[in-house]
Amino acid sequence: MRLQTTIESSISSDGVGLHSGEPSRLWLHPAPAGTGIVFHHRGSGLRIPAQVDHAHELSYATRLGLADAAISTVEHLLSALRGLRIDNVVVEIEGNEVPILDGSAAPFVQLIDRAGVTSQERPATALRITRTIEVRDGEKWLRVEPASTFSVDYRISFDNPLVGFQRYVGEITPESYRDAIAPARTFGFLKDVRYLKSRGLARGGSLSNCVVVDEERIVSGELRFPDEFVRHKVLDLVGDLALLEYPLEGAVTAYKAGHALHADLVRAILSNPERWELVGSDSRAAFVAPYPMDLGVRPALAV
Ligand SMILES: [Zn+2]
């Protein structure tokens, strides 16, 4: 039986938002068993649980919103938390977008490592798939089949010859996530980057936080893995599946999927409760916020 986990101490990081280009700072705080992953938007004071009901998935990022508050580009942080099996944490954000850092989840993994991880007194719950669930959008599809572990078989296919067809197959454990998935950076094609910037997006994007691909070459330098592109799609999937709240036990197969289809699968799972069961403890404690609100003098924003 796995016990729930949280981080041992509060820790912070800062950077710029990929799309807004604005500086932002985040704090990760320990949280009691049963909390789940909850965002605390400092500007509005609102708390937004990382649940699909609050998610708006755009083609290029996942955003959590509640009332007037919105926090963009949450998927890489959620991916690190879920990839390392952190069940309970409060993410406090100053700004409206999670910093992009190097475009991968590796800096978040390092942050969690520095904070430390601790087991809690209550058993962890998993959502175990018992019957296959599939979502489609044209030629793109995403499927989850019964399995006692969480595994991924992800395929992408791009016309660009530098990306082409890539496939990643493997079980996602904290160890495999840390080594094989977390370092994979987000990517974009030079023509799309120009288009996004013309629409006021990707303002914080640079060659230091995004793999940029031209027709003939990788503009941003050496890749971290020959198949870094598909590994990043797995990273995004792990983050978007965190919107299920419970860690998934199932075998996921994906073809040319993305944030929108990932969230569609989450919704399809939650609306078909006869196709899964919760294993372990399934009770969630009411969120009582006994995390430190008074953090003393806050460091100045990074610019
Ligand atoms: Zn991503």
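Trainee: Which residue has its backbone oxygen 2.6 Å from a polar atom of the side chain of Thr 35?

Mentor: This is a predicted model: local features need pLDDT of at least 70, side-chain atom pairs count only at pLDDT 80 or more, and totals for chains, interfaces and linings use all residues. Residues are numbered from 1 along each chain as its sequence is written, and side-chain values use heavy atoms, with hydrogens and water left out. Thr 35 sits in the loop between strand 3 (23-30) and strand 4 (37-41); strands (E, at least two residues) and helices (H or I, at least four) are DSSP runs, numbered from the N terminus. The backbone oxygen 2.6 Å from its side chain belongs to Pro 32.

Trainee: Is Thr 35 buried or exposed, and at what relative accessible area?

Mentor: Buried means under 20% relative accessible area, exposed over 50%, and partly exposed in between (1.4 Å probe, protein chains only). Thr 35 is therefore buried, at 11%.

Trainee: Which residues coordinate the zinc ion?

Mentor: Donors are N, O and S atoms within 2.8 Å of the metal (3.2 Å for Na, K and Ca); water is not among the atoms, so sites may look incomplete. The donors follow the spacing H-x155-H-x3-D along the chain. Their distances run from 2.1 to 2.7 Å, with NE2 from each histidine and OD listed twice for the aspartate. The residues are His 76, His 232 and Asp 236.

Trainee: Why does the arrangement around the zinc ion get its label, and what is that label?

Mentor: Four donors count as tetrahedral if all angles lie between 85 and 135 degrees; four count as square planar and six as octahedral if opposite donors are over 155 degrees apart and all others between 65 and 115; anything else is irregular. Here the 4 donor atoms subtend angles of 52 to 149 degrees, so the arrangement is irregular.

Trainee: How are His 232 and Asp 236 separated in helix 5?

Mentor: Both His 232 and Asp 236 are buried. They lie 4 residues apart in helix 5 (residues 228-241), so their separation is about one helical turn.

Trainee: How many residues of helix 1 are buried?

Mentor: Helix 1 spans residues 75-83 and is largely enclosed by the rest of the structure. Among its buried residues are Glu 75, Arg 82 and the zinc-coordinating His 76. The count is 9 of the 9.

Trainee: Which residue with a positive phi follows helix 1?

Mentor: Most residues other than glycine have a negative phi. The residue that follows helix 1 has a phi of about 60 degrees although it is not a glycine. It lies in the loop before strand 9 (89-94) and is partly exposed, at 32%. It is Arg 85.

Trainee: Near what value is the phi of Glu 245?

Mentor: Glu 245 lies in the loop between helix 5 and strand 18. It is partly exposed, with a relative accessible area of 29%. Its phi is positive, near 80 degrees.

Trainee: What is the relative accessibility of Thr 253?

Mentor: Thr 253 is in strand 18 (residues 248-255). Beyond its neighbours within four places in sequence, its contacts (heavy atoms within 4.5 Å) include Trp 141, Glu 145 and Arg 155. Thr 253 counts as buried, because its relative accessibility is 9%.

Trainee: What distance separates the centres of domain 1 and domain 2?

Mentor: The bounds, domain 1 (3-123) and domain 2 (126-279), come from an automatic or database domain assignment. In contact are 36 residues of domain 1 and 38 residues of domain 2. Taken over C-alpha atoms, the centres are separated by 18 Å.

Note on methods. A polar contact is a pair of N or O atoms within 3.5 Å; within protein, one must be able to donate a hydrogen and the other to accept it, and residues adjacent in sequence count only if both atoms are side-chain atoms.
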